[in-house]
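Please open your viewer and have the selection panel ready. We will go from the whole chain down to single residues, one selection at a time.

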Amino acid sequence: MLSIGAMLARIAAGGLPETDTLPRFATIGQLAFDAVVIGALVWLGHGRFWRLKGPQPPLGPSLLIGGALLCAALPVMLSVSQPNYVAFAAPLVALVQLEVWRRRGRVCLVPALIAWSGVMWLGMIATEGGVWQPLRVVGLTTPALVVLLLWGFASLRRAAAPP
């Protein structure tokens with residue numbers, strides 16, 4: 001339901017596909033997306049929470065962000081994910097909020113996260129209730145999770161850069 005491959009298959013079928021298996025193009029799209037996410041995590045994590053040569057970096061916020069990113073990416077990376085997998089994004093939502101607070105120097109509302117939560121809520125209604133067929137086809141939760149991942153990758157990039 002939430003994976004990139006499932007979203008591609010629903011869009012191509014114009015609704016829910018007839019079979020439970022992903023078409024070949026959706027499987028290829030899923031694998032390409034997975035490779036991009038893992039590659040970005042490896043690339044941005046180098047020097048921040050892992051290093052190929054020399055001593056490993058000290059444990060810090062970068063490792064926490066990397067773990068939260070991987071956790072939040074699971075629903076869109078696994079072809080068997082279901083709507084309850086959205087809970088995996090909670091650590092990344094918290095880290096994004098804390099990072100905004102740290103950058104602003106105060107505790108405040110984060111309007112973008114409130115809007116993101118609204119989109120996720122509508123996506124869950126569309127996925128579970130099937131009330132709005134066009135929203136069910138695209139699956140708002142999948143694009144919303146991808147936006148959160150991009151925000152998380154930006155947070156990881158701003159974390160302590162490699163020396």
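Below is a tour in stops, each with something to select.

**Stop 1: the whole chain**

Start with everything selected, and keep in mind that this is a predicted model. Colour by secondary structure: the chain has seven helices and zero strands, so to speak a plain α-α-α-α-α-α-α when read along the sequence. Of the 163 residues in the chain, 38% are buried. If you draw the contacts with a separation of 6 or more, 67% of them join residues 24 or more positions apart.

**Stop 2: colour by confidence**

Now switch the colouring to pLDDT. The mean for the chain is 85, and 90% of the residues reach 70 or more. Which element has the lowest mean pLDDT, and which the highest? Select residues 133–138 for the low end: this is helix α6, with a mean of 68. The highest mean, 93, belongs to α2. Where pLDDT is low, the predicted coordinates should not be read in detail.

**Stop 3: helices α1 and α2**

Select residues 4–13 for α1 and residues 24–45 for α2. Two packed helices are described by the angle between their axes and the distance between the axes. Here the angle is about 145° and the axes are 8 Å apart. The crossing of α1 past α2 is right-handed. To see the contact, show side chains for I4, G5, A6, L8, A9 and A12 on α1, and for F25, A26, G29, Q30 and F33 on α2. Sorted by type, the residues of this contact come to eight nonpolar, three polar and no charged.

Stay on α1 for a moment and colour by accessibility. Which of its residues are buried? They are I4, G5, A6, M7, A9 and R10. Then step just past the end of α1 to G14, where phi is positive, at about 70°.

**Stop 4: D20 in the loop**

Move on into the loop between α1 and α2 and pick D20. Is D20 buried or exposed? With a relative accessible area of 85%, D20 is exposed. Add V80 to the selection and draw a C-alpha to C-alpha distance: the two residues are 60 apart along the chain, and the separation in space is 9.9 Å.

**Stop 5: G67 in helix α3**

Select residues 61–77 to bring up helix α3, then pick out G67 within it. G67 counts as partly exposed, at 40% relative accessibility. Its partner for the next distance is P91, 24 residues away in sequence and 8.8 Å away in space between C-alpha atoms.

**Stop 6: an aromatic pair**

How many aromatic pairs does a search of the whole structure find? The search finds one. Show the rings of Y85 and F88: their centres are 5.5 Å apart and their planes meet at 10°, so the pair is stacked. Both rings belong to residues with some access to the outside: Y85 is partly exposed at 23% relative accessible area, and F88 is partly exposed at 32%.

**Stop 7: G118 in helix α5**

For the last selection, take residues 111–129, helix α5, and centre on G118. G118 is partly exposed, with 28% relative accessibility. Finish by adding A144, which lies 26 residues from G118 in sequence, with 9.9 Å between their C-alpha atoms.

Note on methods
Residues are numbered from 1 along each chain as its sequence is written. This is a predicted model: local features need pLDDT of at least 70, side-chain atom pairs count only at pLDDT 80 or more; totals for chains, interfaces and linings use all residues. Side-chain values use heavy atoms; hydrogens and water are left out. Axes are lines fitted to C-alpha atoms, for helices over the stretch in contact, and angles run from 0 to 180 degrees between N-to-C directions. Helices (H or I, at least four residues) and strands (E, at least two) are DSSP runs, numbered from the N terminus. A crossing is left-handed if the near helix is turned anticlockwise from the far one by less than a right angle, and right-handed if clockwise. Contact means heavy atoms within 4.5 Å. Ala, Val, Leu, Ile, Met, Phe, Trp, Tyr, Cys and Pro count as nonpolar, Asp, Glu, Lys and Arg as charged, and the others, Gly among them, as polar. pLDDT is the predictor's confidence in each residue, from 0 to 100. Rings of Phe, Tyr and Trp (its six-membered ring) pair if their centres lie within 6.5 Å; planes under 30 degrees apart count as stacked, over 60 as edge-to-face and the rest as tilted. Buried means under 20% relative accessible area, exposed over 50%, partly exposed in between (1.4 Å probe, protein chains only).
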